[in-house]
Amino acid sequence: MTGEAVIVDHGRLRAAAARILAAAGAAPADAAAVADHLVEANLAGHDSHGVGMIPQYVRAIRSGALDPRAHAAIEDRGGAVLAADGRRGFGQVVAREAIAAAVPRARALGVALLALRNASHVGRVGAYAEQAAAAGLASVHFVNVVGHAPLAAPFGGRDARLGTNPVCIAVPRAGRPPLLLDMATSAVALGKARVAMNRGERMANGLLLDGAGQPTTDPGVMWREPRGALLPLGLHKGYGLALACELLAGALGGGGTISTVPREPDRIGNNMLSLLLDPARLPGAGGLEAEVEAALAHVKASPPADPARPVLVAGEPEEMARATRRTTGIAIERATWEELRAAAASVGTELAGG
Ligand code: NAD
């Protein structure tokens, strides 16, 4: 059981996270950038991709799976196409560098295609879509996970064969955060299963298989041997998207697929294929703002099935979580806080307070 949560102000959490990452070997600017990304994930409500990742990152640095000093090597492949070798660096550092290189290309040509390979865990993919949207660009991102044990079953299969391979799509809106669909292609993220397990709760039907390939509601199957599997989002459709991530990000992007990249202790490798589009170059540009707002207002006007829960569009839950957590602070489960404390101690620093 987790015990009570520790409530931490986001500014204090950023400083604590950056201190641990710097003590683990990151340059101060990179430590701050990774800390910001992780705390922003917590603020957005995605605790599975927040500061709770730091103990895993520290272990990965120690085992050589993650190089805390690496930066992206950008390769110009001609025309609209860029590639980037993440050199096992922090995904949050190398993916940001790669997107920053692709933005001017998309501005110049109307479109840019970026293949990032060999990054360590890039974290919340929506961060890169937000980076492109801040430059006025729409974007589509496909990510596969390599070097790590598979977690998600193919539709109709009995065991895990794929990562939780996220897909992300963003469309900028005038004066507002973008429409931001950012999702794992498994029915549920592994972090959500961990939270349920720590709370001693069962999960809903249709999310998990046990180690024998039978449906279960016990999230603990993901941490026992033989390991269970997360089921794909939306049956065969999520499975199809997950496999598309393998082929687009892994095979076409050159970083490899889960079937070929060797597993290593503590490694979470990500490859990401990103398409950046300049809306100003497309025929819809003239009436874009009105058309986007009309489409979103149209769906949001549907009478809510539960009167207490109005219809939302993708990105709104994250905005609502941010608005709350910026003022109330971020609740870190006691177990996660203690893991952070141990990670800090392992690199010779302290997690102040708590
Ligand atoms: P989720 O299920 O919480 O949300 C998925 C999407 O649905 C979001 O765009 C959200 O805005 C939208 N949404 C949620 N509730 C909604 C509602 N009521 N109405 C309309 N839209 C709604 O997210 P997830 O699938 O658990 O993924 C969490 C994060 O994990 C993402 O940021 C993803 O990028 C990240 N991730 C990363 C990796 C990696 O290897 N780096 C792997 C898997 C997932």
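**View 1. Buried residues of helix H2 in the predicted model.** The buried positions of H2 are Asp30, Ala31, Val34, Ala35, His37, Leu38, Val39, Ala41, Asn42 and Leu43. They pack against five helices and one strand: H1 (10-23), H3 (54-63), H4 (91-109), H5 (126-134) and H9 (316-328), together with strand E12 (330-332).

**View 2. Span of helix H2 and the residue that follows.** H2 covers residues 28-43, 16 residues in total. From first to last C-alpha the helix reaches 22 Å, close to the 22 Å expected at 1.5 Å a residue. Just after H2, Gly45 adopts a positive phi of about 95°.

**View 3. Asp182 in strand E7.** Strand E7 runs over residues 176-183 and contains Asp182. Asp182 is buried and has no salt bridge. Arg124 is the nearest side chain of opposite charge, at 4.2 Å; this pair does not count as a salt bridge because the cut-off is 4 Å. A polar atom of the Asp182 side chain lies 3.0 Å from the backbone nitrogen of Gly126. With neighbours within four places in sequence left aside, Asp182 is in contact with Arg124, Val125, Gly126, Val167 and Cys168.

**View 4. Confidence along the protein chain.** The mean pLDDT of the chain is 96, and 99% of its residues reach 70 or more. Confidence is lowest in helix H6 (residues 190-198), where the mean is 84. Strand E11 (residues 269-277) has the highest value, at 99.

Methods. Residues are numbered from 1 along each chain as its sequence is written. This is a predicted model: local features need pLDDT of at least 70, side-chain atom pairs count only at pLDDT 80 or more; totals for chains, interfaces and linings use all residues. Side-chain values use heavy atoms; hydrogens and water are left out. Helices (H or I, at least four residues) and strands (E, at least two) are DSSP runs, numbered from the N terminus. The expected span of a helix is 1.5 Å times one less than its number of residues. Buried means under 20% relative accessible area, exposed over 50%, partly exposed in between (1.4 Å probe, protein chains only). Contact means heavy atoms within 4.5 Å. Lys and Arg count as positive and Asp and Glu as negative; His and the chain ends are not counted. A polar contact is a pair of N or O atoms within 3.5 Å; within protein, one must be able to donate a hydrogen and the other to accept it, and residues adjacent in sequence count only if both atoms are side-chain atoms. pLDDT is the predictor's confidence in each residue, from 0 to 100.
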